[in-house]
Amino acid sequence: MSRSETGRQVIAILAAQALADPAGISESDRPEDLGLDSLGLVEAIFAIEERFDISVPFNPNDPGQAGPEDLDVSDIGGIIRGIEALIAAQRPVGHL
């Protein structure tokens, strides 16, 4: 399964924050598998917000206890799906 362009960009941001090779990151990896602690994850989320010009609902005080509106940060695939949904929600109606 190929990654979407958004997925590739999210992984590139996470890899840069974790000082990891993006090619070695899978969607089933957890942020802590990459060596990202809570501060590193917050910094990656800020970089994602800036890159995609979105606001990411995220509980930095307890990322493991995400509310229904918070970004799922349990694994990389959850982060990508959440970012893709936020981007889609910002598109104007009728935009293809």
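**Figure 1. Length of helix α1 in the predicted model**. Helix α1 covers residues 5-18, 14 residues in total. At 1.5 Å a residue, this helix should span 20 Å, and its end C-alpha atoms are indeed 20 Å apart, so expectation and model agree. Directly after α1 comes L19, whose phi is positive, near 55°.

**Figure 2. The buried residues of α1**. Within α1, the buried positions are T6, G7, Q9, V10, I11, I13, L14, A15 and A18. An α-helix has 3.6 residues a turn, so residues three or four places apart point the same way. The buried residues of α1 pack against two other helices, α2 (38-52) and α3 (76-90).

**Figure 3. Packing of α1 with α2**. Two packed helices are described by the angle between their axes and the distance between the axes. For α1 and α2, the angle is about 140° and the axes lie 9 Å apart. The two helices are therefore oblique to each other, and α1 passes α2 in a right-handed crossing. On the α1 side, the contact is formed by T6, Q9, V10, I13, L14 and Q17; these meet G40, E43, A44, A47, I48, R51 and F52 of α2. By class, the contact comprises 7 nonpolar, 4 polar and 2 charged residues.

**Figure 4. The protein chain as the setting of these views**. Along the sequence, the chain follows the pattern α-α-α, with 3 helices and 0 strands. Of its 96 residues, 38% are buried. Among contacts between residues at least 6 apart in sequence, 59% join residues at least 24 apart.

Conventions
Residues are numbered from 1 along each chain as its sequence is written. This is a predicted model: local features need pLDDT of at least 70, side-chain atom pairs count only at pLDDT 80 or more; totals for chains, interfaces and linings use all residues. Side-chain values use heavy atoms; hydrogens and water are left out. Helices (H or I, at least four residues) and strands (E, at least two) are DSSP runs, numbered from the N terminus. The expected span of a helix is 1.5 Å times one less than its number of residues. Buried means under 20% relative accessible area, exposed over 50%, partly exposed in between (1.4 Å probe, protein chains only). Contact means heavy atoms within 4.5 Å. Axes are lines fitted to C-alpha atoms, for helices over the stretch in contact, and angles run from 0 to 180 degrees between N-to-C directions. Angles under 35 degrees count as roughly parallel, over 145 as roughly antiparallel, 65 to 115 as roughly perpendicular and the rest as oblique. A crossing is left-handed if the near helix is turned anticlockwise from the far one by less than a right angle, and right-handed if clockwise. Ala, Val, Leu, Ile, Met, Phe, Trp, Tyr, Cys and Pro count as nonpolar, Asp, Glu, Lys and Arg as charged, and the others, Gly among them, as polar.
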